[in-house]
Amino acid sequence: MSFLEIAGVSKSFGPNTVLHGFDLAVEKGEFVTFLGPSGCGKTTMLRIVAGFETASRGTVRIDGQDVTGLAPNARRIGMVFQAYALFPNMTVADNVAFGLKVAGVPKAERRTRVEDMLRLIGLPRIADRYPYQLSGGQQQRVALARAIAPRPRVLLLDEPLSALDAKIRVSLRTEIRDLQRELGITTIFVTHDQEEALSMSDRIVVMSDGRIEQVGIPFEIYNHPRTRFVASFVGTLGLLKGEVAHGGRVIIDGQEIEADAGAARPGETVTLALRPEALSLQASRERSNALRGEITSVAFLGSVVRLRARFGRDELLIDTFNDPAAPPPGHGAAVAVHFSPADVLCLGAEPGGP
Ligand code: ATP
């Protein structure tokens with residue numbers, strides 16, 4: 001039995017069903033992310049685990065205990081929200097001590113636990129400050145300390161980084177993950193940011209329209225998307241329409257190349273998807289699998305140069321490493337783009353394929 005078990009959870013608001021039989025087992029100490037576009041049901045599922053929302057059907061078990069009918073405060077769960085939900089009229093110390101006080105932890109122990117927590121989040125000297133005297137990043141660290149101080153069984157994080165500026169967001173990703181690992185606390189993290197999900201999670205649950213599309217480690221989700229939705233939502237993809245030829249070949253913009261067309265038969269139309277990093281510009285010599293096209297834009301990003309090239313009606317993004325000795329091709333340049341047939345994701349003839 002897993003530490004956290006969500007079984008057959010459905011949720012309707014009036015006639016609107018927003019979760020359809022959600023099943024998930026999370027192991028103790030695991031960091032699992034719900035990833036999906038706005039409105040797909042991530043927050044609703046998280047709130048059902050927390051007890052702020054009741055499931056229309058299904059059960060939630062934590063450490064073998066059925067908590068489906070329990071009030072939020074009886075579940076021993078910690079939660080951090082997107083907006084800083086600190087009590088504005090309380091000091092940092094009182095904010096962090098709040099859950100401990102509610103749980104009846106004696107004053108002396110509360111003080112040591114608060115000190116420990118503030119040290120843990122790297123802010124040992126701000127105990128007497130008020131939330132308005134803190135930066136956004138500091139407030140979210142305090143919110144995290146407040147959530148974990150009562151030693152919850154499960155930590156629920158609802159887009160805790162999305163209100164912060166880019167630099168803090170990236171450094172807090174690592175801080176949250178390090179802390180979570182150190183404490184070994186089972187965590188569910190909600191985000192619509194694929195980079196956050198890929199960089200932080202043990203496993204990602206990709207959701208769309210109240211359903212799970214795929215569950216897997218970041219490597220699997222990125223490299224082996226099982227549905228068209230996952231392929232296009234996670235990472236950047238260029239799409240090329242082609243016609244299946246014989247012998248594992250596809251014709252794109254009048255050029256025949258090698259690509260696995262899956263179950264599609266000769267004459268059928270398929271969509272081939274390619275990640276920008278799977279493509280390389282071919283130098284002077286012709287290589288076997290290359291498409292000739294024309295550069296339509298060049299974005300110099302520093303270590304990477306992102307090119308856009310047109311092949312007939314479709315365009316692909318191509319990431320190349322910056323080479324100080326070789327400037328990238330300019331707008332309008334004729335190029336040949338090479339890729340390995342193994343890097344092509346064939347999205348099939350019908351929508352919804354992979
Ligand atoms: P976001 O990233 O925008 O928060 P989400 O994936 O977390 O999106 P939810 O907030 O879970 O999505 O919402 C899922 C669906 O349920 C949405 O269509 C939303 O409008 C609907 N919904 C959520 N809460 C309620 C409610 N209390 N009453 C009615 N509909 C609701």
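Start at the meeting of the two domains: four residues of domain 1 are in contact with four residues of domain 2. On the domain 1 side, the touching residues are two nonpolar, one polar and one charged. Keep in mind throughout that this is a predicted model.

**The two domains**

Select residues 4–232 and colour them as domain 1, then give residues 237–349 a second colour as domain 2. Taken over C-alpha atoms, the centres of domain 1 and domain 2 are 40 Å apart.

**The whole chain**

Now zoom out until the complete chain is in view. Along the principal axes, its C-alpha atoms fill a box of roughly 75 × 50 × 35 Å. Switch to a cartoon view, where the secondary structure comes to eight helices and 20 strands. The chain has 354 residues, and 34% of them are buried. Consider next the contacts between residues with a separation of 6 or more: 65% of these join residues 24 or more positions apart.

**The ligand**

Go to the ligand and show the residues around it as sticks. To do this, select F13, V18, G36, S38, G39, C40, G41, K42, T43, T44 and H192. Which helix gives the most to this shell? It is helix 1, residues 42–50, with three residues. Colour the shell by class next: three of its residues are nonpolar, seven are polar and one is charged.

**Strand 16 and its partners**

Move on to domain 2, which covers residues 237–349. Select strand 16 (residues 290–300) together with strand 17, which is made up of residues 304–311. How many bridges join strand 16 to strand 17? There are six, and the two strands run antiparallel. For one example of a bridge, pick A299 and look across to strand 17, where its partner is R306.

Follow the chain through the turn of this hairpin. Three residues lie between strand 16 and strand 17, and in this hairpin G302 takes a positive phi near 110 degrees.

Then add strand 19, residues 334–338, to the selection. Strand 19 also pairs with strand 16, in the antiparallel sense and over five bridges. To see one of the residue pairs, select R292 and find its bridge partner in strand 19, A336.

Before leaving, look along the strands with side chains switched on. In a regular strand, side chains alternate between the two faces of the sheet.

Terms used. Residues numbered from 1 in each chain as written. Predicted model: local features only at pLDDT ≥ 70, side-chain atom pairs only at ≥ 80, totals over all residues. Near = placed C-beta within 6 Å. Helix = DSSP H or I, 4+ residues; strand = E, 2+ residues; numbered from the N terminus. Nonpolar A, V, L, I, M, F, W, Y, C, P; charged D, E, K, R; others polar. Buried ≥ 20, exposed ≤ 12 C-beta atoms within 10 Å, placed from the backbone. Contact = placed C-beta atoms within 7 Å. Pairing = 2+ DSSP bridges. Domains from an automatic or database assignment.
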